[in-house]
2 protein chains.
Amino acid sequence: MAKSNAPITEHLAYLLAQANREINRQLELRLSKEGVPVEQWRILKVLSDGDGHSMGELADAVLLNHPTLTKMIDRMVSDALVYRVQDPNDRRKVLMFISDRGKVLSKKLNSLAVDQEEHILESYGDKSTSELKRLLESLIDSSN
Amino acid sequence: MAKSNAPITEHLAYLLAQANREINRQLELRLSKEGVPVEQWRILKVLSDGDGHSMGELADAVLLNHPTLTKMIDRMVSDALVYRVQDPNDRRKVLMFISDRGKVLSKKLNSLAVDQEEHILESYGDKSTSELKRLLESLIDSSN
DNA sequence: TTGAAAATATTGAATATTCAACAATTGAAG
DNA sequence: CTTCAATTGTTGAATATTCAATATTTTCAA
């Protein structure tokens with residue numbers, strides 16, 4: 001039986017929040033070199049397959065609520081990183097595409113993100129990292 | 001060498017964000033029965049040792065920025081869940097304490113949080129859960 | 001075919017968070 | 001001792017997020 005008086009540091013929800021906060025903070029720090037928030041890196045990365053992605057699909061993929069995504073995309077359109085196209089097959093939908101300018105930025109951001117992953121691999125270890133990834137994927141799976 | 005064209009779903013930062021979002025969403029759902037946000041559960045849990053905790057200490061423990069914590073504590077003081085006492089040894093500091101009303105609420109919240117953990121244990125497994133916790137703790141350690 | 005329900009995206013108001021500046025107190029060097 | 005820097009917490013303005021309502025289009029049952 002789980003103990004209700006266990007310290008908060010033993011709760012899975014807390015450990016996840018803490019680890020996420022820390023890793024996110026580090027990534028944020030790197031991406032700030034290009035003045036871009038983590039969410040925009042995610043958006044560019046998803047769009048860099050060149051395909052059109054609807055707002056709903058994108059919101060799921062980048063872990064943002066719909067209205068938040070709409071407003072962030074507005075900014076990115078202003079910065080000419082992405083653009084909207086109405087889906088010809090379903091005119092309720094908007095398809096998002098990455099621009100050339102967006103692709104250039106995306107490359108820089110990816111290399112910053114890869115830097116971070118390599119830094120983690122060094123300090124945390126190859127084995128632990130891949131095991132952690134495996135367990136996280138499986139946790140996410142089991143939650144659906 | 002890490003590949004910069006790897007899908008976002010293979011990045012540790014992304015997997016952590018995704019898992020955290022999902023687990024947090026579930027916890028939020030349970031705690032909403034008492035109309036309390038996850039952060040307030042954390043605050044009450046930390047304070048329920050009965051000791052006085054300074055704002056800075058508390059902010060670290062509950063993963064909130066200082067100004068955000070100040071404003072949340074304001075609300076909790078209004079709700080008579082916690083109270084402030086000036087630290088007699090260092091008058092720059094404010095010591096936070098949990099009230100009797102806070103203790104009562106904290107117990108209910110803890111049992112909701114334990115429910116969730118037990119639910120995770122069932123669907124995700126005992127072994128995986130403790131292994132995941134161990135790896136997360138070690139990741140957090142290696143990041144300091 | 002029509003009309004109601006569902007799906008999709010956006011908007012505006014309400015709420016929350018963050019950043020920078022501030023006030024108060026303590027620490028510590030000269 | 002005095003003064004200046006560091007620590008601690010709060011505030012207000014700027015920014016961001018969320019909730020509820022809206023508009024548009026599609027789906028589907030009658």
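Trainee: Which atom of DNA strand C sits by the side chain of B:Lys71?
Mentor: A base oxygen, 2.4 Å from an N or O atom in that side chain. Keep in mind that this is a predicted model, where local features need pLDDT of at least 70 and side-chain atom pairs count only at pLDDT 80 or more, while totals for chains, interfaces and linings use all residues. Residues are numbered from 1 along each chain as its sequence is written, chains are lettered from A and ligands numbered from 1 in the order in which they are written, and side-chain values use heavy atoms, with hydrogens and water left out.

Trainee: OK, and what do A:Met55 and B:Arg91 touch on that strand?
Mentor: Phosphate oxygens, in both cases from the backbone. A backbone N or O atom of A:Met55 is 3.0 Å from one, and a polar backbone atom of B:Arg91 is also 3.0 Å from one.

Trainee: Which residues come nearest to strand C?
Mentor: Of the 19 residues around DNA strand C, those are A:Gly56, A:Lys71, A:Arg84, B:Lys71 and B:Arg92. "Around" means that one of the residue's heavy atoms lies within 4 Å of the strand. Looking from the DNA side, 71% of the strand C atoms within 4 Å of the protein belong to sugar or phosphate, and the rest to bases.

Trainee: Which helices supply that surface?
Mentor: α3 (55-62) and α4 of chain A, plus α4 of chain B, each give at least two residues. Helices here are DSSP runs of H or I, at least four residues long, and strands are E runs of at least two, numbered from the N terminus.

Trainee: Switching to strand D: what does B:Arg84 do there?
Mentor: A polar side-chain atom of B:Arg84 lies 2.9 Å from a phosphate oxygen of DNA strand D. B:Met55 has a polar backbone atom 3.0 Å from a phosphate oxygen of that strand. For A:Arg92, a side-chain N or O atom is 3.4 Å from a sugar or linking oxygen of strand D.

Trainee: How many of the residues near strand D are charged?
Mentor: 9 are charged, with 6 polar and 4 nonpolar. Asp, Glu, Lys and Arg count as charged; Ala, Val, Leu, Ile, Met, Phe, Trp, Tyr, Cys and Pro as nonpolar; the others, Gly among them, as polar.

Trainee: New topic! How many residues of chain B contact chain A?
Mentor: 55 residues of chain B contact 54 of chain A, where contact means heavy atoms within 4.5 Å. The two chains bury about 5000 Å² between them, and carbon and sulfur atoms give 70% of that. Buried area is the accessible area (1.4 Å probe) that two parts lose on being put together, summed over both. B:Leu12, B:Leu63 and B:Tyr124 supply 12% of what chain B buries there, more than any other three residues.

Trainee: How many salt bridges cross that interface?
Mentor: The rule finds 0; such a bridge needs a side-chain nitrogen of Lys or Arg within 4 Å of a carboxyl oxygen of Asp or Glu. There are 16 residue pairs in polar contact, though, with both residues at pLDDT 80 or more. A polar contact is a pair of N or O atoms within 3.5 Å; within protein, one must be able to donate a hydrogen and the other to accept it, and residues adjacent in sequence count only if both atoms are side-chain atoms.

Trainee: Which helix gives the largest share of chain B's side?
Mentor: α1(B), with 14 residues. By class, chain B's side has 28 nonpolar, 15 polar and 12 charged residues.
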